[in-house]
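Me: I'm new to this one. Could you show it to me and let me ask how its labels are earned?

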Amino acid sequence: MSNLLVYRTLLIKFAFSSLLIFMHFLYALYSWLIDQTVFKQPDPWQNRSVNGYKKYQLKKLPNHLVVSVCQEEVFYEYLAKLLAWALFLEVPVVSFYHNENGISPEELFYAFRDQYSSLLTKVNWGLEFNDNIKFESKKCINGYKWEPRIEVNILTSKHSKLQLVNALRTVCSTKEEFSDTLVEFAINKTFPMVEPDLVVICGKSCTTFGLLPWHTRVTEFLTLKTHYNVSFLKFYKLLEQYSRNEQRYGK
């Protein structure tokens, strides 16, 4: 009787172990198929019909979207896709943030150019993009009219730190009475950028890593597990979630 119980226990363990191995195999197969683009959703820029635009219209869009990649290795191919998709959804300003200067403006520009050269006429290269990049962009669109519909910036912790230092210098040098209005004026003068409406944090934890502390008072924070291999639908769902949320405005 005892031997039968032992055999039954071993059989159950073997069955569960086999099932677990099979499930891991299925997940690995699915991940491989995703990497091979078998199940990848088409890029919306490949299907620019009127119905395609209407399908993805949102009631509310962020005026300034920030994508934070502080917790991950940077994959420029997918940052370029996020930029292109934000342009498709008509987000006017997009910034990519890394707290340790982890994003190369040159690599981001070339990744975007290689994938979406026809969209260069619609992009304004902002903070951290030097004159050489801007000249290269204009050279690539030679013969076409430059009509920017989106501004792209790269942010680092230096913007937050320098912003605070320069704002304090401005406040200390003025003869006006100290007030919240004076501080806000000094900050906006030092760093005249639209406050982010939405920050998408890529990674396991919802951490700001010092992102523009004076500009994120009413910002919505949403998380994305990773920007690597991100699909348009997943990106769209995040913006759709934002469009349904009520902005806090200090509440």
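Reply: Sure, here come some questions and answers about the cores and strands of this predicted model.

Me: What makes the largest nonpolar core a core?

Reply: A core is a set of buried nonpolar residues whose side-chain atoms lie within 4.5 Å of one another, so that they join up. Here 49 residues make up the largest one, and F96, F112 and W125 have the most contacts inside it. Helix α3 (residues 76-88) gives the most to this core, namely 10 residues. A second core lies apart from it, with 9 residues, including V66, L155, I201 and L212.

Me: Which residues does F96 touch?

Reply: Leaving out residues up to four places away in sequence, F96 touches V67, L79, L82, L83, I103, L108, V152, N153, I154 and L155.

Me: Why is strand β5 called largely enclosed?

Reply: Buried means under 20% relative accessible area. In β5 (residues 198-202), 5 of the 5 residues are buried, so the rest of the structure largely encloses this strand. L198, V200 and C202 point one way, V199 and I201 point the other way, and all are buried. That fits a general pattern: side chains in a regular strand alternate between the two faces of the sheet.

Me: How do you know that β5 pairs with strands β1 and β6?

Reply: Pairing takes at least two bridges. Strand β1 (residues 64-68) and β5 have 4 bridges, in the parallel sense, so by that cut-off they pair. β5 and β6 (residues 220-224) have 5, also parallel.

Me: What stands opposite I201 in β1 and in β6?

Reply: I201 stands opposite S68, and its bridge partner in β6 is T223.

Note on methods: Residues numbered from 1 in each chain as written. Predicted model: local features only at pLDDT ≥ 70, side-chain atom pairs only at ≥ 80, totals over all residues. Heavy atoms only, no water. Buried < 20%, exposed > 50% of the residue type's maximum accessible area, 1.4 Å probe, protein only. Helix = DSSP H or I, 4+ residues; strand = E, 2+ residues; numbered from the N terminus. Contact = heavy atoms within 4.5 Å.
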